[in-house]
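Me: I have just opened this structure and have not seen it before. Could you walk me through it?

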Amino acid sequence: MDIDAWVWWLIGAVGLGIPLVLTAMPEFGMFSAGAVAAAVVAAVGGGTVAQVLVFAAVSVALIAVVRPIAMRHRSQSPGFASGVDALKGRQAIVLERVDGNGGRIKLAGEVWSARAFDTTMAYEEGQQVDVIEIDGATAVVM
């Protein structure tokens, strides 16, 4: 039984897709796409040299173009904050005197326990404060 070259390229593409799924390394996906391009060349009657050149060219082009973009996106922090991270930097209103020992604020429509970042400072009722961080269930304000 004689198997056409394009079938071998597709088998190679699937073979390269398996490590992509197992290791989450995008380079394998780029090589797999190169193998699919070579299968197309083989299916339209291109010779072995043309198939190998297309495989190499598509794989290298994808690695040169897509990989830097993927690495840049992977290294970026998310564009939005959620949970307690979303509360950092927000302003709150003091409900009960806040000092280094504690107090109460209204933050994002909820009442929070709070303490002053600078333990020598005190904030009186009605004052506006900035949330520096969230420490457990306590907002640290300034």
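Me: Let us start with D135. What does D135 form a salt bridge with?

Reply: The model is a predicted one. In it, D135 forms a salt bridge with R115, and the closest N and O atoms are 2.7 Å apart. This pair links distant parts of the chain, since D135 belongs to strand β4 and R115 to strand β3, 20 residues apart.

Me: Is D135 buried, partly exposed or exposed?

Reply: D135 is partly exposed, with a relative accessible area of 41%. Its partner R115 is also partly exposed, at 27%.

Me: Which residue stands opposite D135 in β5?

Reply: That residue is T138. Strand β4, residues 128-135, pairs with β5 in the antiparallel sense over four bridges.

Me: How many residues lie between the two strands of that hairpin?

Reply: The hairpin of β4 and β5 has two residues between the strands, and G136 takes a positive phi near 70° there.

Me: Where else is there a positive phi, in a residue that is not a glycine?

Reply: A108 has one, of about 55°, although it is not a glycine. A108 sits in the loop between β2, residues 102-107, and β3. With a relative accessible area of 42%, A108 is partly exposed.

Me: Now the sheet. In what order do the strands close into a barrel?

Reply: Five strands close into the barrel in the order β1-β2-β3-β5-β4, and their pairing is mixed. On average, neighbouring strands of this sheet are turned by 50° against each other, direction ignored.

Me: What does "pairing" refer to in general?

Reply: Strands of a sheet pair through backbone hydrogen bonds, and they do so either parallel or antiparallel.

Me: Do β3 and β5 run parallel or antiparallel?

Reply: They run parallel: four bridges join β3, residues 110-116, to β5, residues 138-141. One of the residues involved is A114, whose bridge partner in β5 is A139.

Me: And β2 with β3, parallel or antiparallel?

Reply: Those two run antiparallel and are joined by four bridges. K106 has V111 in β3 as its bridge partner.

Me: How many bridges join β1 to β4?

Reply: Three bridges join β1, residues 91-99, to β4, and the two strands run antiparallel. Q91 stands opposite D130 in β4.

Me: Back to charges. How many salt bridges does a search of the whole structure find?

Reply: The search finds five. Among them is the one between E27 and R67, whose closest N and O atoms are 2.4 Å apart. E27 lies in helix α2, residues 26-43, and R67 in helix α3, residues 48-75, so the pair ties together parts that are 40 residues apart in sequence.

Me: Are E27 and R67 buried or exposed, or in between?

Reply: E27 is buried, with a relative accessible area of 16%. R67 is partly exposed, at 35%.

Me: Why can such side chains pair at all?

Reply: Side chains of opposite charge can pair when their charged atoms come close.

Me: What about D85, which residue is its salt-bridge partner?

Reply: D85 forms a salt bridge with K88, with the closest N and O atoms 3.5 Å apart. D85 counts as partly exposed at 43% relative accessibility, and K88 counts as partly exposed at 40%.

Me: Which residues are linked in a network of salt bridges?

Reply: The network links R97, D99 and E124.

Me: One last topic, the nonpolar surface patch. Which residues make it?

Reply: W6, L10, V36, V40 and V44 make a nonpolar surface patch of about 450 Å².

Me: Which helices supply at least two residues each?

Reply: Helix α1, residues 5-23, and helix α2 each supply at least two residues of the patch. V40, for instance, lies in α2.

Me: Could you bring the points on α2 and β4 together for me?

Reply: Helix α2 holds E27, which is in the salt-bridge pair with R67 of α3, and α2 also contributes to the nonpolar patch. Strand β4 pairs with β5 in the antiparallel sense and runs antiparallel to β1 as well. D135 of β4 is the residue joined by a salt bridge to R115, with R115 in β3.

Notes. Residues numbered from 1 in each chain as written. Predicted model: local features only at pLDDT ≥ 70, side-chain atom pairs only at ≥ 80, totals over all residues. Heavy atoms only, no water. Pairing = 2+ DSSP bridges. Salt bridge = Lys/Arg side-chain N within 4 Å of Asp/Glu carboxyl O. Buried < 20%, exposed > 50% of the residue type's maximum accessible area, 1.4 Å probe, protein only. Axes fitted to C-alpha atoms, helices over the stretch in contact; angles between N-to-C directions. Patch = residues over 30% accessible without salt bridge, like charges linked within 9 Å, V, L, I, M, F, W, Y side chains within 5 Å. Areas by Shrake-Rupley, 256 points an atom, 1.4 Å probe, with all protein chains shown as cover.
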